[in-house]
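Colleague: Could you walk me through how to read the inside of a helical model? I would like to learn feature by feature.

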Amino acid sequence: MQSPPTPPSSAASSPLSPLHSPKALMAWVALLYFSEGLPLGLFYDLFPVNLRQAGVGPAEIGLLSLLGLAWTVKFLWAPLIDAWRGHRWWIAGANAGMALVLVALALHPQALGQGATWPWALLAAFTMLSATNDIATDGYTIELLSKGQYGVANGLRIGFYRVGMLAAGGMLVVAGAMGEPGQPNWTAAYGLGAVLMLINGLSILFAPAQPPRAARDEGASAREWAAVREQPLWLLALGLVMAGLLWPVLGPIAKAAQWSAIQAVSGTWWFKGAVPVGLMFAGASLMVTAARGPQAHAMADGPIFGAWVELLARPGMLAVLLFILLFKLGDAAMGFMVKPFWVDAGFTPAQIGLVSVNVGLGLSIAGGLAGGWYVDRVGIFKGLWVLGLAQAASNLGYALAAWYVPHTEPGLQVSAHYQLAVYGASGLESFTSGLGSGAFMAFLMGITSKERATTEYAILSSIFAFSRAVAGWAGGLGVEQMGYATFFFLTFWLSFPAYLLLPAVRRMLHRADVR
């Protein structure tokens, strides 16, 4: 039998207000993950629809996904947030910053489709702020919850994370309802997003304070940097990772600065995608080598690299990291091209938003709660492979819809039977994605150490974010070369390589004393 929820230790010495009671923790989890899901919904739902309607091609929309590499390298500044604490203020500040970005886009809504550089810089800042919000939210939540609360909490996390993402669908409805036929009102949509961001940031300041943590060794940081100087592979690895992150923006910079040598290759697919991916992989490989080097033990207690050393030193961890990279690969590869498919099928922003709100919202919450309930009863390991199979099925649903529904010019009415096909695929994707994510997030939380919760969870979720960003970029190229139906069918098969690594996952869960 699971132990009852443990209230935060910081509240043990004084009466708790209703907002800070143990029963209220789940309500704060719901709000926190709405706040975390909303920026991702804007990035994956609103921005692509805006770009596609402005005439931007699928390959360029796929390139937008590479800006999501900010979620991949968030582990770089996660130790800073972990050390400075005050996670609620980090969350509030990140939401305020994202609100300012949306205000700028609301004032110039057509700039995304006009080839200007500054809107892309704003989108890059938006993803950096969203990644910061994720770091603080995940660390704050893990510190507040006991392991016995993970199942129900993950159901709420997935459900309200999806609510936040699907709120972007509501903004699409606003854009269509307040605009003219064929001319959505993007100013209204972005303005509404900015208001929601500000409300999120202000609300979280009233959440419970983090429980106190044992003081860390003050000399650990000095010893860590001394070890880094003796083993500079860490710095080289970080340099390669940062180069991979910044590489996609070098093309626009070269164009603005008239650097002809870089402009000559900046439009090629390998410059846009293969080079940054290669740099990121090279940096990751060096990190593995450095974590097992002779000086690694001196860094184990350090605030920056200690979490990496501790994770990579675990037996079988490389196979587990590869599993994290692959588990949702099929889902991620299809995901960034779903909204462009809807646009090309003739759906208006209002129709797309209504599908997300009226169908996807309820089903995604139901999927997240059902997934959490199932994991609590059968364990994380069985939940991963059973719910992962259900998750893969949604790709077949979209493949069938793309094969059946023809390309429709904007402004023409989509037939009812075509609408039903797309709505059915959307509903299946929402429910099954919630199922798979419920098990996956419980797995990540289960193998995370509470002593380094913020940094370790940032590392693990960053690996997943890397596959999502790269798969989104590849999705744009895949759709242009194969078409929607063939590419969506291919992504179904991308869901299965992760299953070869399930034995390593079972052993890791056993070592973590998690079912």
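Modeller: Happily; we will go through cavities, salt bridges, aromatic pairs and one helix face. Please keep in mind that this is a predicted model.

Colleague: Let us start with the empty space. How many cavities of 30 Å³ or more does the count come to?

Modeller: A cavity is space where a probe fits but cannot get out. Here the count comes to two cavities of 30 Å³ or more. The largest cavity holds about 760 Å³ of space, while the second largest has a volume of about 40 Å³.

Colleague: Which residues lie nearest the centre of the largest cavity?

Modeller: Its lining has 38 residues, and those nearest the centre are Leu40, Tyr161, Arg162, Met165 and Arg468. Two or more lining residues come from each of helices H1 (25-53), H6 (118-144), H7 (150-177), H16 (329-344), H19 (416-446) and H20 (453-482). Helix H16 gives the most, with eight residues.

Colleague: And how does the lining of the largest cavity divide by class?

Modeller: There are 18 nonpolar, eight polar and 12 charged residues in that lining. For the second largest cavity, the division is seven nonpolar, one polar and no charged.

Colleague: Which residues line the second largest cavity?

Modeller: They are Leu25, Trp28, Val29, Leu32, Tyr140, Thr141, Leu144 and Leu145. H1 and H6 are the elements that give two or more residues to this lining, and H1 gives the most, with four. So you meet H1 and H6 again, because both also give two or more residues to the lining of the largest cavity.

Colleague: Now the charged contacts. How many salt bridges does the count come to?

Modeller: The idea is to look for a side-chain nitrogen of Lys or Arg within 4 Å of a carboxyl oxygen of Asp or Glu. By that rule there are three salt bridges. In one of them, the side chains of Lys339 and Asp45 meet at 3.1 Å, N to O. Lys339 belongs to helix H16 and Asp45 to helix H1, so this pair ties together parts that are 294 residues apart in sequence.

Colleague: Are Lys339 and Asp45 buried or exposed?

Modeller: The cut-off for buried is under 20% relative accessible area. Lys339 has 7% relative accessibility, so this lysine counts as buried. Asp45, at 8%, counts as buried too.

Colleague: Which residue meets Asp344 in a salt bridge?

Modeller: That is Arg52, with 3.1 Å from N to O. Asp344 sits in helix H16 and Arg52 in helix H1, and the two are 292 residues apart. Asp344 is buried, with a relative accessible area of 11%. The remaining bridge joins Lys328 and Asp331, whose closest N and O atoms are 3.5 Å apart. Lys328 and Asp331 are both buried.

Colleague: What about rings? How many aromatic pairs does a search of the whole structure find?

Modeller: The search finds 19 aromatic pairs. To read a pair, take the distance between ring centres and the angle between planes; over 60 degrees counts as edge-to-face. Phe341 and Phe488 are edge-to-face, with 5.9 Å centre to centre and 85 degrees between the planes. Phe341 lies in helix H16 and Phe488 in helix H21, so the pair ties together parts 147 residues apart in sequence. Phe341 counts as buried at 3% relative accessibility, and Phe488 is buried at 0%.

Colleague: Which residues form one aromatic cluster with Phe341 and Phe488?

Modeller: Tyr398, Tyr484 and Phe487 join them in that cluster.

Colleague: Which residues of helix H21 are buried?

Modeller: In H21 (residues 484-493), the buried residues are Tyr484, Phe487, Phe488, Thr491 and Phe492. Seen down the helix axis, they fall within an arc of 155 degrees, so they line one face of H21. The general reason is that an α-helix has 3.6 residues a turn, so residues three or four places apart point the same way.

Colleague: Where do Phe489 and Trp493 lie?

Modeller: Both are in helix H21, four residues apart, about one turn of the helix. Their rings form an edge-to-face pair, 6.1 Å centre to centre with 80 degrees between the planes. Phe489 counts as partly exposed at 42% relative accessibility, and Trp493 counts as partly exposed at 49%.

Definitions and conventions
Residues are numbered from 1 along each chain as its sequence is written. This is a predicted model: local features need pLDDT of at least 70, side-chain atom pairs count only at pLDDT 80 or more; totals for chains, interfaces and linings use all residues. Side-chain values use heavy atoms; hydrogens and water are left out. On a 1 Å grid over the protein atoms alone, a cavity is a set of points where a 1.4 Å probe fits but cannot get out, and a pocket is an open set with protein on both sides within 12 Å along at least five of seven lines; lining residues have an atom within 4 Å of a point. Grid points are joined across faces, edges and corners, and a volume is the space filled by probe spheres set on the points. Ala, Val, Leu, Ile, Met, Phe, Trp, Tyr, Cys and Pro count as nonpolar, Asp, Glu, Lys and Arg as charged, and the others, Gly among them, as polar. Buried means under 20% relative accessible area, exposed over 50%, partly exposed in between (1.4 Å probe, protein chains only). The arc is that of the directions from the helix axis to the C-beta atoms. Rings of Phe, Tyr and Trp (its six-membered ring) pair if their centres lie within 6.5 Å; planes under 30 degrees apart count as stacked, over 60 as edge-to-face and the rest as tilted.
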